[in-house]
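Colleague: Please pick one spot in this model for a close look, and then work outwards from there to the rest of the chain. I would like a connected account that I can follow while looking at the structure.

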Amino acid sequence: MHHKVSVIGAGNVGATLAQRIAEKGYADVVLVDIIDGLPQGKGLDILQAGPITGSDARVIGTNSYEETANSDIVVITSGSPRKPGMHRDDMVLTNMNIVKPVTEQVVKYSPKCIIIMVTNPLDAMTQLALHISKFPRNRVFGQSGILDTSRFRTFLAQELSVSVEDVYACVLGGHGDTMVPIPRLTTVGGVPITELLPQETVNKIVERTVKGGGEIVALLKTGSAFYAPAAATAQMIECIFLDKRRILPCAVYLEGEYGIRGVVVGVPVKLGKNGVEHIIELKLTLEESAALKKSAEAARELVNIMKLK
Ligand code: APR
């Protein structure tokens, strides 16, 4: 069976993701945007790369949702990107007004799909889509942890002059200033970085990871990061379609795990064909657990702004 992915928002993240999925060739892609011609033009351009990249994936762009019908996975990237100096959290109401009607359309045309949220503020938008869709939590989750751990892994590999592939990183919590990198469980070739690097260096890298998105926003001046966010989302899609059951950090609704209930935060999950197959509960120190709970409360504050009923 050929898979179908719809990507809502044909901007930087959406179009880059569509290109990645099309190149892999394991799914057809429908790009949706409100701007007339934008998804159609980008879709056609990606499609025309097929003969060169050797992909037979069908890619189309549209301004309506009919073509998204019966998607296996829908990725929501539609939103207003972060501007320099703007906090992710400032975007909650702006992007709520975009994500809410988008989710309603997604659910109408693809009632059995898995929704992957990319729009920021990530944890709040994931919770909004979960609320609107009324889907079970295994089918609505967000991309953030793979990006955050990838940033952490990049900086560590640079510092230690090793392959990024041999760096495993653990980051929990919300996607933002309250994210909780866990150096104790971050390893290079199986050895914790706390044994490989001085505390001061670890702290600097953690700090850079936490502010990783902002660093790119400041450099770009218009818009926010999109290559790594798109790569992270593509990895989630691959994991689901191939039923790989990899353990990857995702933003998911917690129902008591880690002592947290009723809010979306980033934790490691087993990702397979049903989406979130299982939530992994790591044994945390008191300090780590307190930081995660603080992060969850920050996410809950944003959710409260939306006054979901
Ligand atoms: N329906 C469909 N598309 C929409 C809607 C809507 N209601 N509202 C806005 N869009 C589209 C815009 O027209 C634009 O093409 O969403 C796209 C967003 O693309 P960019 O502005 O390029 O933003 P991008 O960098 O892709 O980031 C998208 O992902 O990482 C997050 O913080 C980022 O929330 C932002 C999202």
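Modeller: A good place to begin is Lys-221, which sits in the loop between helix H8 (212-220) and helix H9 (227-241). This is a predicted model, and in it Lys-221 has a positive phi of about 70° although this residue is not a glycine. A second backbone feature to look at is the peptide bond that joins Asn-120 and Pro-121, which is cis, with omega at about -5°. Pro-121 itself is placed in the loop between S5 and H5.

From the backbone we can turn to charged side chains, for which the count comes to 12 salt bridges. One of the pairs is Lys-204 with Glu-200, whose closest N and O atoms are 4.0 Å apart. These two residues, Lys-204 and Glu-200, are 4 residues apart in helix H7 (residues 199-210), so about one helical turn separates them. Another pair is Arg-137 with Glu-257, where the closest N and O atoms lie 2.9 Å apart.

That second pair leads to the division of the chain into domain 1 (3-142) and domain 2 (145-306). The contact takes 43 residues from domain 1 and 46 residues from domain 2, while the C-alpha centres of domain 1 and domain 2 lie 22 Å apart. The size of an interface is often expressed as the accessible area that is lost when the parts come together. Between domain 1 and domain 2 the buried area is about 3,600 Å², and carbon and sulfur atoms give 69% of it. Polar links are present as well, since the count between domain 1 and domain 2 is 3 salt bridges, together with 11 residue pairs in polar contact.

On the side of domain 1 that touches domain 2, the elements giving two or more residues are strand S1 (3-8), helix H1 (12-24), strand S4 (73-76), helix H4 (92-109), strand S5 (114-117), helix H5 (122-133) and strand S6 (140-142). Of these, H5 provides the largest share, with 8 residues. Sorted by class, this side of domain 1 has 23 nonpolar, 9 polar and 11 charged residues.

A last part to find in the structure is an open sheet of 3 strands, in the order S7-S10-S11 and with antiparallel pairing. Its edge strands are strand S7 (167-168) and strand S11 (191-192), each of which pairs on one side only. Strands of a sheet pair through backbone hydrogen bonds, in either a parallel or an antiparallel arrangement. In this sheet, S7 and strand S10 (residues 187-188) pair in the antiparallel sense over 2 bridges, and Tyr-168 has Thr-187 in S10 as its bridge partner.

Technical notes:
Residues are numbered from 1 along each chain as its sequence is written. This is a predicted model: local features need pLDDT of at least 70, side-chain atom pairs count only at pLDDT 80 or more; totals for chains, interfaces and linings use all residues. Side-chain values use heavy atoms; hydrogens and water are left out. Two strands pair if DSSP finds at least two bridges between them. Domain bounds come from an automatic or database domain assignment. Contact means heavy atoms within 4.5 Å. Buried area is the accessible area (1.4 Å probe) that two parts lose on being put together, summed over both. A polar contact is a pair of N or O atoms within 3.5 Å; within protein, one must be able to donate a hydrogen and the other to accept it, and residues adjacent in sequence count only if both atoms are side-chain atoms. Ala, Val, Leu, Ile, Met, Phe, Trp, Tyr, Cys and Pro count as nonpolar, Asp, Glu, Lys and Arg as charged, and the others, Gly among them, as polar.
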